[in-house]
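Let's look at a protein model and ask why its parts get the labels they do. Have the sequence and structure handy as you read.

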Amino acid sequence: MTPDPRIKSATQSAINDAASVLSAGRLIAFPTETVYGLGADATSDTAVASIFAAKNRPTFNPLIIHVPDIESAKRFVTFNPIAVKLAAEFWPGSLTLVLPRKQDCKISLLVSAGLDTIAIRVPNHPVAHALLKRCDLPIAAPSANRSGEISPTQAAHVAESLNAKNAGPEVILDGGACPVGLESTVIDLSTPTPTLLRPGGISSEQIESAIGPIATAESEQPDAPRSPGMLSRHYAPNVPVRLDVTDVKPGEVILGFGPDAPAQSANLSPTGDLSEAAAHLFAYLRALDAEKPKGIAVMPIPDTGLGRAINDRLRRAATPL
Ligand code: TXA
Ligand code: MG
């Protein structure tokens, strides 16, 4: 297969070109430490609208804004003491804070799909940082995949998912494999109780050790998730996925974990390391799906630390259509 011409090694000159595309109101894809993002100028309604079109994303599902540092974030949202503490502790990094939008905020209203809050983060990736500095714009960026599909952790995944036919990114900056491999943790700080909306790259344990106990969206309002992006089927391969499997059925391939996984399995981490497993998760799901097996059988994965975010993604991948 010839490589996709939109994929460019993330040199400074490619980053400058991508920044020009963004400033002109068009789409690019770029690496972050979590997953690749499909980026647009967050202050432009038409640019933001083209993200929803390219992803075929329901417009009620709001987007995350990326900025280079906390000072930039403070131009758009109102910080409270807990937000200051979490930003100091975890930014740059895989933590997204949902905060009240400022009155004079220039971010497109389409970004937050009618909510009076904005989800914002400072990514911890040199390419994302260089891009944000160069274009000097807040970048709205969901994961760079069609809605419902597995999130991309490599430039080639973006090219596969957003092929030219659906008016995807003009440039895909290639920064190699994403080191974290799972989307950011989303925490809502716009209400008195900090509430976990999406488990992700920073574990609840890490957050709680900084600010004390947090609530989870599920325990609060089971029928009306506050993060509209938490649709039940998501990150889904084309073939069925079964979880916590101890007996494999004929025709299934195995997504393994730990030293006891069968030798023929795709093992997320032979040593049982959850960070390593997170970094491999989406790429391995894609590779197994491409073999077109009868199904993917996933071995049990411990539900602590990053394991919670891994299991969250796997449960969504396993939800039938
Ligand atoms: O790691 C990540 O966060 C990646 C990279 C590219 O930064 N981005 C990402 O974006 O995963 P996306 O759009 O796929 O996920 C955004 C999540 C969704 O669950 C959405 O519902 C939630 O954040 N969200 C966005 N704005 C919100 C808001 N104002 N209130 C509540 N939830 C919000
Ligand atoms: Mg996504």
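What follows is a set of questions and answers about this predicted model.

Q: Why is the contact between Glu 205 and Arg 308 called a salt bridge?
A: The label needs a side-chain nitrogen of Lys or Arg within 4 Å of a carboxyl oxygen of Asp or Glu. Here the closest N and O atoms of Glu 205 and Arg 308 are 2.7 Å apart, so the pair fits the cut-off of 4 Å. And by the way, the pair links distant parts of the chain: Glu 205 sits in helix α7 (residues 204–211) and Arg 308 in helix α10 (residues 306–317), 103 residues apart.

Q: What makes Glu 205 buried, exposed or partly exposed?
A: Buried means under 20% relative accessible area and exposed means over 50%. Glu 205 comes out at 35%, so the residue falls in between and is called partly exposed. Its partner Arg 308 has 32%, so Arg 308 is partly exposed too.

Q: How do you know that Arg 242 and Glu 252 form a salt bridge?
A: Their side chains meet at 2.7 Å, N to O, and the limit is 4 Å, so the name applies. Arg 242 belongs to strand β12 (residues 241–242) and Glu 252 to strand β13 (residues 252–256), with the two residues 10 apart.

Q: Why do Arg 242 and Glu 252 get the labels they do for accessible area?
A: Arg 242 has a relative accessible area of 25%, which is in the range from 20% to 50%, so Arg 242 is partly exposed. Glu 252 has 15%, and since that is under 20%, Glu 252 is buried.

Q: What makes Arg 313 and Asp 312 a salt bridge?
A: The N to O distance between these side chains is 2.6 Å, so the pair is within the 4 Å limit. Both Arg 313 and Asp 312 are buried. Salt bridges that share partners tie Glu 183, Asp 312, Arg 313 and Arg 316 into one network. In total, the structure holds 10 salt bridges.

Q: Why do β12 and β14 count as edges of their sheet?
A: The open sheet has 4 strands, in the order β12-β15-β13-β14, with parallel pairing. β12 and β14 (266–267) each have a single partner strand, so one side of each is left without a neighbour in the sheet.

Q: How do you know that β12 and β15 are paired?
A: Pairing takes at least two bridges. β12 and strand β15 (residues 295–298) have 2 bridges in the parallel sense, so they qualify. Arg 242 turns up again here, standing opposite Ala 297 in β15.

Q: Which helix supplies the largest share of the lining of the second largest pocket?
A: That's α9, with 5 residues. The pocket has a volume of about 360 Å³, and 15 residues line it, with Ile 150, Glu 160, Asn 238, Arg 286 and Asp 289 the closest to its centre. Its lining divides into 6 nonpolar, 4 polar and 5 charged residues.

Q: Which residues touch the most other members of the largest nonpolar core?
A: Of its 47 residues, they are Ile 65, Phe 79, Leu 86, Trp 91, Leu 95 and Leu 97. Elements that give two or more residues include β3 (36–41), α2 (45–55) and α4 (81–90), and α2 gives the most, with 5 residues.

How values were computed: Residues are numbered from 1 along each chain as its sequence is written. Chains are lettered from A and ligands numbered from 1 in the order in which they are written. This is a predicted model: local features need pLDDT of at least 70, side-chain atom pairs count only at pLDDT 80 or more; totals for chains, interfaces and linings use all residues. Side-chain values use heavy atoms; hydrogens and water are left out. On a 1 Å grid over the protein atoms alone, a cavity is a set of points where a 1.4 Å probe fits but cannot get out, and a pocket is an open set with protein on both sides within 12 Å along at least five of seven lines; lining residues have an atom within 4 Å of a point. Grid points are joined across faces, edges and corners, and a volume is the space filled by probe spheres set on the points. Ala, Val, Leu, Ile, Met, Phe, Trp, Tyr, Cys and Pro count as nonpolar, Asp, Glu, Lys and Arg as charged, and the others, Gly among them, as polar. Buried means under 20% relative accessible area, exposed over 50%, partly exposed in between (1.4 Å probe, protein chains only). A nonpolar core is a set of buried Ala, Val, Leu, Ile, Met, Phe, Trp, Tyr and Cys residues joined through side-chain atoms within 4.5 Å.
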